Amino acid sequence: MSGMRPEHGQPMKEVSNSKLNNDNFTLNIHVSKLKKVNSELSKNYDVKKYLDPSKFSFSSQISELIPKDTPPYLDNGERYVERIARSLAFFKQCALIGPSGTGKTHIVYLVAELGGLPLWEINCGLQTSVFDLFGRYVGLGKENWIDGLITSWCRYGGILYLDEANMMKQDIATRLNPILDQRGHMVLTEKDNEIVPRHNDAFLIISMNPVSSEFAGTKPLNAAMRRRMSVWLNFDYMSVGQKIDEKEIELVEKKAEVSREDSEKIIKVGAELRSQYKSGELPYGPSVGDLINWARLVHDGTPLRDAAEETIVALTSDDIEVQEMVRRIIRKVSGS
Ligand SMILES: Nc1ncnc2c1ncn2[C@@H]1O[C@H](COP(=O)(O)OP(=O)(O)O)[C@@H](O)[C@H]1O
Ligand SMILES: [Mg+2]
């Protein structure tokens, strides 16, 4: 599944390794005062009693990894943001379960921004090397060691976000085990068995698709990681099947500047596609970001169905028969 999931606009941003390729990085003891968290944003979420940015301090280079300008996360009073913050404060970790496109990555960025926490992001479905994750020597000899992503997180703190954690390769999962305890540490076997204690403010969030026979290639989360997750939060699409969320209609209407009527059609089609994705009929369910893209073309004057061809139809699959299924759903649900 992971291969077919495109990355959607905001707030996707992969932590760049190049930030770490720098000797100053490990020597930097400069503590920067955290920039004020976007106050407009923090008004809407009550996370301060769990994660207070003024209580954390990170070196200036690490502070660059604190997300900025994350759009609000919309829910119906479930208070997901607060529940994630609470889980991190109490247990240092949290697991998010839900199909792709339900805003898991988005909400992690938001929690990191609100908490003033640097974010280290790894997609476990991609074949990231052990070197990139744990570290390596560069050049000749044993002079220049560069920490990998997980090592940097463990040393300097922040949120480590393991996307599609159930797809993690076994050799990496095994090395993670000793760090998963709240007072854990990691052992750099590559570097004369250096022991790196888990930073006091090193939080872990994992996410995964619900495991079901329908989703080809998904597998259960490894037992060691499962045992160490105290809180599990379930995510779903705002609108799915017969359940249509007024807020999602408004979001598309506002973001793409289309009529309320068009937005409603688009959301209803999206809800049906998602429902078929969840039951295994379709290989992909559109996120609200995908539906906004469709609506943008409509705003530009393209008729709904033509605009769908270039966006939602092609996005769902390359398979001609699957594309025909999507077209039928669009015709039936939108009535156009
Ligand atoms: N409840 C929500 N509120 C605001 N935006 C959302 C919500 N759910 C999904 N999105 C948007 O949908 C897109 C996909 O979300 P993403 O976080 O990548 O999903 P996931 O990580 O679960 O696959 C993003 O553009 C995100 O901003
Ligand atoms: Mg994601």
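Two strands are taken as paired where DSSP finds at least two bridges between them. On this basis, the predicted model contains an open sheet of 5 strands in the order β2-β5-β8-β1-β9, and the pairing is parallel. Strands β2 (119-123) and β9 (232-234) form the edges, each pairing on one side only. From one strand to the next, the twist averages 20 degrees.

Within the sheet, strand β1 (residues 93-97) is joined to strand β8 (residues 202-208) by 5 bridges in the parallel sense. Cys94 has Ile205 of β8 as its bridge partner. Helix α4 (residues 80-91) packs on the sheet, where α4 touches β1, β8 and β9. The direction of α4 makes about 145 degrees with that of β1. A further helix, α5 (residues 104-115), lies across β1, β2, β5 (158-163) and β8. Relative to β5, helix α5 runs at about 175 degrees.

Helix α5 also takes part in the surroundings of ligand 1, giving the most to the shell with 3 residues. Both α5 and α12 (288-299) supply at least two residues each to this shell. There are 18 residues around ligand 1, of which Gly103, Lys104, Thr105, His106 and Gly289 come nearest. By residue class, the shell around ligand 1 comprises 12 polar, 4 nonpolar and 2 charged residues. Domain 1 (2-234) and domain 2 (246-334) each contribute at least three residues to the shell around ligand 1.

Notes:
Residues numbered from 1 in each chain as written. Chains lettered and ligands numbered in written order. Predicted model: local features only at pLDDT ≥ 70, side-chain atom pairs only at ≥ 80, totals over all residues. Helix = DSSP H or I, 4+ residues; strand = E, 2+ residues; numbered from the N terminus. Axes fitted to C-alpha atoms, helices over the stretch in contact; angles between N-to-C directions. Contact = placed C-beta atoms within 7 Å. Near = placed C-beta within 6 Å. Nonpolar A, V, L, I, M, F, W, Y, C, P; charged D, E, K, R; others polar. Domains from an automatic or database assignment.
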